[in-house]
Amino acid sequence: MLDRRSALASVTPYKSAQLQLGEARGFSLLQVAGDAKSVAKVAGKLPTRIGVALKSDNRTIMKTGPNQFWFVGADNDDLAGAMREAAVVTPLSHSRTRIFLEGTPARTVLAKSAPLDFHPNVFKPHMFAMTGIHHTPVLVHCVGANRFEIYALRTFALSVFEWLADAALEFTD
Amino acid sequence: MRIPCPHCGERDVSEFRYGGDATKQRPKHSEGDLKTWHDYYFLFDNPKGPHLEYWQHVLGCRQWFSITRNTATNVIGGEA
Amino acid sequence: MFKPYSALALARHALSPDRPWPRAWRAATPKSSYDAIIIGGGGHGLATAYYLARNHGLTNVAVIERAYIGSGNVGRNTTLIRSNYVIDGNTQFFEHSLKLWEGLSHELNFNCMVSQRGQVVLATSPVQMDVYARRGNIMRLNGIDAELLDRGQVMKLLPYLDYSAHARWPIWGGIIQDRAGTVRHDAVAWGYARAADSLGVDIIENCEVTGFVMDGETAVGVETSRGRILAGKVGMAVAGHSSHVAKMAGLRLPIESHILQAFVTEPVKPMVNHVVSWGAELFYLSQSDKGGMVFGGHIDGFNTYTQRGQFPRIQTVAECAVSLLPFMSKLRLLRHWGGIMDMTPDGSPFICRTKIRNLYFNGGWCYQGFKATPASGWTFAHTMAHDEEHALNRAYSLDRFEKGRELDDYGIGNWTYKQ
Amino acid sequence: MSTFRRLAKGGRIDRTKSVGFTYNGKALTGFAGDTLASALLANGTTLMARSFKYHRPRGVVSAGVEEPNALMTIGGNEPNIPATTVELVEGLQAATQNAWPSVNYDVMAVNSLAAPLFQSGFYYKTFMGPFRKSWMFYEPFIRRAAGLGKIRDEPDASRYDTLHDFCDVLVVGSGPHGLSAAVKAARTGARVTLVEQDSKLGGSLLSEQNREWESWRNNQVNELLTFSDVKIRTRTTAQGLYDDNLVVLQQRHIDHDASKGKPRQTLVLLRAKSIVFATGSLERPLVFSNNDRPGVMLASALRTYLNRYGLAPLQRTVIATNNDSAYFTAFDLAEAGVAVTIADLRREIPSDLLSRAAMLGLGIFPASGVADVEGAKQVKRVQLGGAHSASIDCDVLAMSGGWSPTVHLTSHGGVKPVYDARIAAFVPGAFAASHSAVGAVMGDFDWPAEMGMPKRPYKILPSWVPVAKGRGKAFVDFQSDVTVKDITSAHDEGYVSVEHLKRYATLGMGTDQGKTSNINALAIMANLRELPIEEAGTTTFRPPYTGLAIGAIAGRTIGHHFRPTRLSPLHEVNKAHGATFIEAGLWLRAWYYAWAGNTPETAYVKEMELVRQGVGIADVSTLGKIDVQGPDAAEFLNRVYVNGFAKLPVGRARYGVMLNDDGVVLDDGTTTRISDEQFYLTTTTAQAGEVMSWLEYLLQVHWTELKVHVTSLTDEWGAMAISGPKSRQALQLAFPGADISNENLPYMGCLDVLANGLRVRLLRLSFSGELAYEVHVPADFAGALWEHFLKVAEPLGIKPYGLEALASLRIEKGHVAGLELDHRNTLDDLGLGRMAGKEKAYIGRELRMREAYQAPDRWSLVGIELMEEGAKLRGGAILFSTGDEIKGHGRGYITSVTWSTELKKFIALGLYQGGLKHEGEDIICAYPLKGENVKARIVSPHFIDREGSRLNA
């Protein structure tokens, strides 16, 4: 079996007392496009609006377009087969590199990077937003009070990581 | 400038790509003669005032949509 | 003839302070009719009036300006002149303009500070080098000066650029036109106004055109905020607002109005002695004689008539400035402003007749209105005087898109907002 | 020569903390809380600068950002900084500028003698002779004389950051009204941001001595600190207001340290739901003869130096005013033991002021003003004029010409200020729904009601011109040396509109942007035109409010971070295999490999030979890849491509070309049918983004009836090309199980194989013209698969080849790319006209038929062979027929050049008038930039294997 190599294989994670920045590997990403009803038949409950993720058994479901959903599951999750009947499915597990950012200054680092309101009362756990970091499209997912997962395009992942690490520089011990 | 994406909400202009005048009637595919296509593609009302126009939320949900923006004030919304 | 300007005249005035200089141009009140009217007291309108009188003996001419002369883009641009065009039609027109620039201060007896300090266009890839080679070869083959520069030559000429390893794009070389440079923009409007006025042209400020007086399919005058003014010929030179004015005559144009921003820093001692441009981001910079760095970049990218730019574009331009010229980081921005450009699908202008008799159109200048001013006035005057295009502006017709005769000098494609 | 002494107590400086700094190399000390200006005054420095044009001696006029005179170079490489805005910190290095040999003795001061020459616009009238281009001779001298400070050619060691922020209420300015507004807003539970450009909160309160007011200030500040959602940003300037309430804040940090990642400045991009402008007002100078002498300053500034910095004039101060405010400076000075004489242009003076003045024993000359000032480098004597013409010895002359509301920010949104005769100044013209203003900016000069002070009617006698004629120049714009006389001569010559005046006399264009001069100038012009000020017009205020470092705007998006770098999933293995990389747009691509040589010129030839004779592997992951799915997928592609895709069989690929609506070629690529309803579309690297948006536009906006979904797979899939006669063997070694025979995987065929558990897509495509395959694989596996190939096919001699070879091989084959697809060429220009469907409609069909697009003499694609020994073909060469005169625009040009390893000569692709009609004709390739005219010949662009036997092998 050929080995799987991440876009961030070469980087050393950023770690300080207050802030951690690294890669959250091992996920599968399936894009499902189709009308919500037929998708729901296979997938069960779906999020109704873009911006709030839904946790259902061991998957995170995010509505990423009018008739489009992202199913983020475990590494070996194979939902695709079942879904093909219901909708247009596109496996995207390799297209995104997942970067995590955790710590009290995390929201500041994000505010340095994207024109979004990351105030804790505004951008709360389970919420996500599709926006731009360092001129590239990303999906930022708030997975805990001060923990965020950033889905960056694989080919831009290193650049986005370097950008975030540079933004985090002032929080180095 | 802030642009209201119908799907993601209000976002910075920097997340969007402009798509031009949305009042123009694109000839149906396989229809329209050279003149029709010329007028559609090359001529503009270019009004100073309300302007119905296309934008794509290219750093967001990638959806195309149209809004009315007053080209004299850049105020979005209001009558086309 | 006006009272000539010279060092001697200055000295005489210095010695007798109580004898003031005369007005540079009369504050004319509109007559009921003229042989020709030009709408728009900007660089192009004033130059047209001047050449109508100077080259074609038409002196019963009025320039009608909504506000004060030079209140439009001639006073908002970044003062560059050059003639590095590759497309047949553009090349000759802009070279004619540069030639007129070279003699303009003398021609007008008004120092426009024509500074041929040279423009370097930087290439950041081998492909760009080939693109500029083609441009340079075309220039040479049309009697225009151009030199291709390798990285080493650029380093000698512009030592202050970022040649370090962490420059995002390495500088491969560039192309220089020594005769390119800058001109004191306001002086161009004032100089043409004074010279035209001295030949009998009426310059009418604070007079807004509100409509056209038509006789069937023929334009015979204009309605203005100061009453009806009849004219044998009417020329439009209102770039930025062309669609708006043309609409009064029932014309729909291949033009969208976009904002182009410009920037100036605090004045410092001479540091940059060329015009530096970078094709990739349309970034360009020069240092004014007063000492400020004057620079700019791309249009904001969506049509607007507000003269307020969007901040993301300001950031892009600043990023270019610091990334290309690291010393710029410490310099402080004093002022930024915006001008409204007529953007055309192919990035080239119009100087032509219209489907309405005796109504002539000059506009669609995109980024290049200022550098074109003398040739624009020169050829527009010809077109108005003889009711036909001159060889130099034959390509600049309104119907070129119907014919498929685009003049896309930069290979951007037919998009007003991507030019 | 001193004019000030430091008082033993009082002020907001900390006398226990002395701060060392240098001034022109000389070591001096001040106190914590000082500005550079106050510290210099305390050290007996009065003359701090020279003016721009006349190099007149100048001192501080103000105590704030409006300072026109006292500009200095800080830290050796930060020019033109007002000493009044620099917080004194240990080790600060300040130096005077624009003076030689020194600021005290500046030879350029001789310019003053020639002053009559240098009136408004003098340079438009001269430097024209004797020759046509004489300006080029004069310009260098003028450039050297101009400019203020020097900037050194060195990168900025500091770090700048950008921060996005949001709030409900933004309060700009922390003066009494600002503080009060912020507290009120905070109490409602709103998310509030309060910005103050000073290091301390309080604005004008900081220049007061009143104890009660001070405790009120402290209470307000302390209450604000109790709210968790109130952000207080000091040392922060609201520089500009942009559309939809984006306010750009520039925050300066004292504790910056680049090595620790701590920025020197942060640019905060704040989106505020509502904005309260509490920006206050600026005091105006009076205009009189020699009003620029060191020691002449604004009355409010003098009060600030006294009350905030504990600085008092040595002996006597003369105060000239036309309104009440200056009296409070006088009273505080008197109480500090300074002798004060007041010249008030008004005949009527409020009685409370008179009685207080009498009590303090101040001399007052009503209906009088300053006629002239004596003392070149420091005020010595003041000559009064008007009702009284006394002559008074003094060391400081304080002036107040009234107050101008700081309307700058309010007018950035495009709202013009309006003239308010009551205060003889401009106030905000109108407000957007979400905007409001309080205090002095509205012309309300009283404290907020809650401070319990009685309202005081503002009484001013507008006075714009000198009360009496003096011997010297009367300055309006100190920094640019613009005098009343300059404005008069501009008026004489017809430059009467405000903008003409500013531009002709270069007025208000300095680093201070005319904060102290705008209104005086405007009023003087109005007088000359005999117009009321409101009719003379107003000036437009443009951002930024004060000078804003370009570095602060750029933030961290510079150098390496200027733009993101895009890397192929094969980047690491490319590196490992000795690739030299080259920037291609945002991508970093493998250019050539070490095995083949150490220069691109030599390496690519070897790499080409490898592909022509054996087998090579190349990274083609940068290709745009798009998943097109849905019942109408075939119909959709049939519309966007000029050629048909409806009948493309499953498992087959087809080369397609897309046009823009205008009929110009947009992009090309191969698209494969995976199933009835699924296609795998590829685009060029350069156009991938454009094409994706274009397809989305068509589907989402115009063809909503089509059931098709498009998704970019560019990042999902890595791709490598296996090319060369031995490529099938290589593939067989890599995927032993798969049937890749010519029958099962013919040219333009597609096969998905399972290679030890991994789904791999094999496409039989050729860019090089050889037998070749593209292997597409999920990106994370690309690296391992690449190494797998190099290992198993090692016996075949497989090696990697780079971008330069890729681009050269395709030239030999005559594939268009790069400069052939430059948004100017039509289908026919590229010799692809016959691809266009005859029956079916496709985008661009109509406009591609435009007259000139169909002209027989269009420049279209040809091959070019070098016919001259030892010469070279060059990209960008202009093509002529042998009979032509070598001038003008020629008949075409060369787009791409390569050395052909097959033909052993230079070959090229180009566009030529009439195209292949001229096949076999000799031409000249002109390259005047190198003085070359090279002989060549027009040939077919398909230099090798025209019948395609290799790719079908």
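D:P130 sits in the loop between β8 and α2 of chain D, and the peptide bond that leads to D:P130 from D:G129 is cis, with omega near -5 degrees. A second cis peptide bond runs from D:W100 to D:P101, with omega near 0 degrees. D:P101 has its place in the loop between β8 (92–95) and α2 (135–145) of chain D. The model is predicted. The points below cover a backbone feature of chain C, the contacts that chain D makes with chains C and A, and the folds of chains A, B and C.

**Backbone of chain C**

- C:M113 has a positive phi of about 55 degrees, although C:M113 is not a glycine.
- The position of C:M113 is in the loop between α4 (104–108) and β4 (119–123) of chain C.

**Interface of chain C and chain D: extent**

- The contact involves 120 residues of chain C and 122 residues of chain D.
- About 10300 Å² is buried between chain C and chain D, and 58% of this area is on carbon and sulfur atoms.
- Of the area that chain C buries against chain D, 8% comes from C:R168, C:K269 and C:K330, which is more than any other three residues supply.

**Interface of chain C and chain D: polar links and composition**

- Eleven salt bridges are counted between chain C and chain D.
- One of the salt bridges joins the side chains of C:E281 and D:R563, at 3.5 Å from N to O.
- Between chain C and chain D, 68 residue pairs are in polar contact, with both residues at pLDDT 80 or more.
- On the side of chain C that touches chain D, helix α5 (residues 126–141) of chain C gives the most, with eleven residues.
- Sorted by class, the side of chain C that touches chain D holds 57 nonpolar, 32 polar and 31 charged residues.

**Interface of chain C and chain D: strand pairing**

- Strand β16 (residues 332–343) of chain C pairs with strand β31 (residues 548–549) of chain D.
- The pairing of these two strands is antiparallel and extends over two bridges.
- Within β31(D), D:L548 is the residue that stands opposite C:L333.

**Interface of chain A and chain D: extent**

- Here 44 residues of chain A are in contact with 47 residues of chain D.
- Chain A and chain D bury about 4000 Å² between them, with 54% of the area on carbon and sulfur atoms.

**Interface of chain A and chain D: polar links and composition**

- Seven salt bridges are found across the interface of chain A and chain D.
- Among them is the salt bridge between the side chains of A:K112 and D:D161, with an N to O distance of 2.6 Å.
- Residue pairs in polar contact between chain A and chain D number 25, both residues being at pLDDT 80 or more.
- Two or more residues on the side of chain A that touches chain D come from each of β3 (28–33), β7 (88–91), α3 (106–111) and α4 (157–168) of chain A.
- The largest share of that side of chain A is given by α4(A), with six residues.
- The side of chain A that touches chain D is made up of 18 nonpolar, 17 polar and nine charged residues.

**Sheet in chain A**

- An open sheet of six strands in chain A has the order β1-β2-β8-β11-β10-β9, with antiparallel pairing.
- The edges are β1 (14–15) and β9 (128–133) of chain A; each has a single partner strand, so one side of each lacks a neighbour in the sheet.
- At the β1(A) edge, two bridges join β1(A) to strand β2 (residues 19–23) of chain A, and the two strands run antiparallel.
- A:Y14 stands opposite A:L21, which belongs to β2(A).

**Chain B**

- Chain B contains one helix and five strands.
- Along the sequence, the elements of chain B follow the pattern β-β-β-α-β-β.
- The C-alpha atoms of chain B fill a box of roughly 40 × 30 × 20 Å along the principal axes.

**Overall form of chain C**

- Chain C has eleven helices and 18 strands.
- The radius of gyration of chain C is 21 Å, close to the 22 Å from the globule rule for 419 residues, so chain C is as compact as a globular protein of that length.
- The C-alpha trace of chain C spans about 70 × 65 × 40 Å along its principal axes.

Methods. Residues numbered from 1 in each chain as written. Chains lettered and ligands numbered in written order. Heavy atoms only, no water. Contact = heavy atoms within 4.5 Å. Buried area = accessible area lost by both parts, 1.4 Å probe. Salt bridge = Lys/Arg side-chain N within 4 Å of Asp/Glu carboxyl O. Polar contact = N/O pair within 3.5 Å; in protein donor to acceptor, adjacent residues only side chain to side chain. Helix = DSSP H or I, 4+ residues; strand = E, 2+ residues; numbered from the N terminus. Nonpolar A, V, L, I, M, F, W, Y, C, P; charged D, E, K, R; others polar. Pairing = 2+ DSSP bridges. Rg over C-alpha atoms; globule rule 2.2 N^0.38 Å.
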